[in-house]
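Please follow this explanation with the structure in view. It proceeds from a single side chain to salt bridges and then to the packing of helices.

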Amino acid sequence: MDFQTIRWDEADGVVTLTLNRPETLNAFNNTMLEELAGAVERVARSRDARVLVLTGAGRGFASGQDLKAYQESGSPDLGEHLHRYYDPLFERLWGLEKPTIAAVNGVAAGAGMSLAMACDFRVAADTARFMQAFVRIGLIPDSGSTYLLPRLVGYARALELAMLGDLIDAQTALAWGLVNKVVPAERLAEETAALARRLAEGPPKALGLIKRAIRRGAQQSFRDALEYEAWLQAAAVATEDHREGIAAFLEKRAPRFRGR
Ligand code: LHQ
């Protein structure tokens, strides 16, 4: 697949997609949104791809909707625009049954912040900043932010971020539970690669099911969660990786999970 606005790199089961419009701090134009959605779909279908990393080229992670392109397009019906260009990307990313990591190298604003939040892990450089930019242009949070933000930072901070639209730095994001880890900018690639490697060595089926179960668990009654766990566990227990995990424990060695 040929991309104009993103880069695809793949090594050792880890696919890294780099948003590549650095002159706009990686703002989303229609092409980028379509290319990202296509790339995530490709990761979903690939047997070799075990982990997805998203990051940005240059000094930004993603600055949200390209406001210049949006203005020039004559402000189309916004609901229609979201359904057509944003939903396919965010639904695919959220639904991807493989671990995802946002390596947040710089500012993540508006839908760019949603993109980071829609990943399973966020490793932030100390240069990262986060902004619910929507209110600054008279909009409400979209691209999943109303769902993701209160779940990550809680109701009070979600309202504060969404209503004030302030930029917060990486340390604040860490204290508020928005990111998993903050690392010096020059170590971001290395730290992300180490996490990605660990996840790529994990049992793929179980990792996918864990993701599904935790998501559903947050919205279920306790009784329903027990039921759903038992149902998914039946799929996990049937894998070779499960047998390998037990054998490795008993033989006092590291497991080799092969995704079967
Ligand atoms: C940009 C952008 C950008 C274009 C920086 N677009 N050029 C969905 C559907 C439809 C409509 C609306 O919204 C949505 C969802 C959304 O995402 S709404 C939120 C859209 N995003 C924003 O409102 C953020 C706008 N950007 C900013 O507030 C600042 O650029 C931040 C705080 C992100 C970074 O500030 P600085 O570090 O001071 O950088 P800068 O402002 O100087 O930006 C560098 C360049 O990037 C600059 O271009 P220039 O040619 O002057 O060097 C900016 O114009 C360009 N840029 N964001 N979203």
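In this predicted model, arginine 215 touches Trp94, Gly95 and Asp120, when residues up to four places away in sequence are not counted. Arginine 215 belongs to helix H9. Is this residue buried or exposed? Its relative accessibility is 18%, and because buried means under 20%, arginine 215 counts as buried.

One of these contacts deserves a closer description. The side chains of arginine 215 and aspartate 120 form a salt bridge, with a distance of 2.9 Å from N to O. Arginine 215 is in helix H9, which spans residues 204-217, whereas aspartate 120 is in the loop between H4 and strand S7 (121-125), so the salt bridge ties together parts that are 95 residues apart in sequence. The two partners may also be described by their accessibility: arginine 215 is buried, while aspartate 120, at 21%, counts as partly exposed.

Other salt bridges can be read in the same manner. How many salt bridges are there by this rule? The count comes to 14. Among them is the pair of arginine 21 and aspartate 66, whose closest N and O atoms are 2.9 Å apart. This pair links distant parts of the chain, 45 residues apart. Arginine 21 is found in the loop between strand S2 (14-19) and helix H1 (30-45), and aspartate 66 in the loop between strand S4 (60-62) and helix H2 (67-72). Both partners are buried: the relative accessible area is 13% for arginine 21 and 7% for aspartate 66.

Arginine 7 and aspartate 9 form another salt bridge, and here the closest N and O atoms are 3.9 Å apart. Arginine 7 is partly exposed, with a relative accessible area of 40%. Aspartate 9 likewise counts as partly exposed, at 38% relative accessibility. Salt bridges may also share partners, and in this way Lys181, Arg187, Glu190 and Glu191 are joined into one network.

The next topic is the packing of helices. Two packed helices are described by the angle between their axes and by the distance between those axes. For H9 and helix H10 (residues 222-237), the angle is about 170° and the axes are 10 Å apart. Angles over 145 degrees count as roughly antiparallel, and H9 and H10 are therefore roughly antiparallel to each other. On the side of H9, the contact is made by Lys205, Leu209, Arg212, Ala213 and Arg216. On the side of H10, Tyr228, Trp231, Leu232, Ala235 and Ala236 take part. Of the residues in this contact, seven are nonpolar, three are charged and none is polar.

Helix H5, which covers residues 145-153, offers a further example. Which residues of H5 are buried? They are Ser145, Leu148, Leu149 and Val153. Because these residues cover an arc of only 95° around the axis, they lie on the same side of H5. The buried residues of H5 pack against three helices, namely H3 (78-95), H4 (111-117) and H6 (155-164). Just after H5, glycine 154 takes a positive phi of about 90°.

Conventions. Residues numbered from 1 in each chain as written. Predicted model: local features only at pLDDT ≥ 70, side-chain atom pairs only at ≥ 80, totals over all residues. Heavy atoms only, no water. Buried < 20%, exposed > 50% of the residue type's maximum accessible area, 1.4 Å probe, protein only. Helix = DSSP H or I, 4+ residues; strand = E, 2+ residues; numbered from the N terminus. Arc of directions from axis to C-beta. Contact = heavy atoms within 4.5 Å. Salt bridge = Lys/Arg side-chain N within 4 Å of Asp/Glu carboxyl O. Axes fitted to C-alpha atoms, helices over the stretch in contact; angles between N-to-C directions. Parallel < 35°, antiparallel > 145°, perpendicular 65-115°, else oblique. Nonpolar A, V, L, I, M, F, W, Y, C, P; charged D, E, K, R; others polar.
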